Amino acid sequence: MGKKAKDKQYWLLKTEPGEWSWEDQAANGGATKWDGVRNRQAQNNLKAMSLDDLCFFYHSGQKSRRIVGVVTVTREWYQDAEVGGGAVDVRAVGEMRRPVELEELKRDEGLRKGGFQLLKQPRLSVVPVLPEVWERICEMGGGYEGDGREVSRDGEAE
């Protein structure tokens with residue numbers, strides 16, 4: 001028997017827009033290494049990522065707490081002497097059709113009860129996202145560019 005294919009996993013990556021924004025990601029050809037994670041639990045989450053896993057790109061900070069895009073893992077965890085730690089490489093998949101604000105996430109009863117780690121551990125910079133939570137957030141934001149969904153003329157995902 002062959003090796004069983006691992007199911008795709010979903011994640012959320014937080015960044016201060018002043019340090020690395022969605023615009024920076026796009027301007028960098030859509031690719032970058034995700035590094036600088038010091039918290040052990042967040043590092044363990046990075047280490048658990050696999051190729052092609054999808055991650056929400058979340059702007060943190062005082063002015064802009066929201067999910068703005070989606071990236072995919074293009075290189076699994078590796079040691080990076082340049083930054084004195086480890087990293088994963090990610091590439092932009094697409095911008096959310098409508099950013100999903102933190103306050104909107106907090107108001108959604110299904111997310112509050114559904115085990116969304118961002119709401120349980122808000123200070124953690126890398127959190128897993130359950131598939132049903134991923135789907136709900138994509139629904140809230142109308143999906144993201146590159147998700148394969150058709151968008152009508154009024155901007156609604158079909």
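UniProt annotations may be inferred rather than shown by experiment. With that caveat, an unreviewed UniProt entry places the feature "domain: EVE" at residues 9–140. The structure described here is a predicted model. Over residues 9–140 the chain is 30% helix and 39% strand. The C-alpha atoms at the two ends of this stretch lie 19 Å apart.

Strand pairing was examined around S5, which spans residues 85–101. Strand S4 (residues 66–80) runs antiparallel to S5, and 11 bridges join the two. Within this pairing, Thr72 stands opposite Arg91 of S5. The S4 and S5 hairpin has 4 residues between the strands. Gly84 in this hairpin takes a positive phi near 70°. S5 also pairs with strand S2 (residues 31–34), again in the antiparallel sense, over 4 bridges. Here Trp34 has Val88 of S5 as its bridge partner.

Backbone angles with positive phi were found elsewhere too. Most residues other than glycine have a negative phi. Asp52 has a positive phi, near 75°, and is not a glycine. Asp52 is found in the loop between helix H2 (40–47) and strand S3 (54–59). The residue is partly exposed, because its relative accessible area is 48%, and partly exposed covers values between 20% and 50%. Gly142, just after helix H6, takes a positive phi of about 75°.

The largest nonpolar core has 40 residues. Phe56 and Leu105 touch the most other members of this core. Each of the following supplies at least two of the core residues: strand S1 (10–15), H2, S3, S4, S5, helix H3 (102–107), strand S6 (126–129) and helix H6 (131–140). The contacts of Phe56 were listed without its neighbours within four places in sequence. They include Trp11, Leu12 and Leu13. Ile67, Gly69, Val70 and Met96 are also in contact with Phe56. Val129, Trp134, Ile137 and Cys138 are further contacts of Phe56.

Helix H6 was then considered by face. Its buried residues are Val133, Trp134, Ile137, Cys138 and Met140. Seen down the axis of H6, these residues fall within an arc of 160°, so they line one face of the helix. An α-helix has 3.6 residues a turn, so residues three or four places apart point the same way. The face of H6 turned away from the buried side carries exposed residues: Glu132, Glu135 and Glu139. Among the buried residues of H6, Trp134, Ile137 and Cys138 are in contact with Phe56.

Methods. Residues are numbered from 1 along each chain as its sequence is written. This is a predicted model: local features need pLDDT of at least 70, side-chain atom pairs count only at pLDDT 80 or more; totals for chains, interfaces and linings use all residues. Side-chain values use heavy atoms; hydrogens and water are left out. Two strands pair if DSSP finds at least two bridges between them. Buried means under 20% relative accessible area, exposed over 50%, partly exposed in between (1.4 Å probe, protein chains only). A nonpolar core is a set of buried Ala, Val, Leu, Ile, Met, Phe, Trp, Tyr and Cys residues joined through side-chain atoms within 4.5 Å. Contact means heavy atoms within 4.5 Å. The arc is that of the directions from the helix axis to the C-beta atoms.
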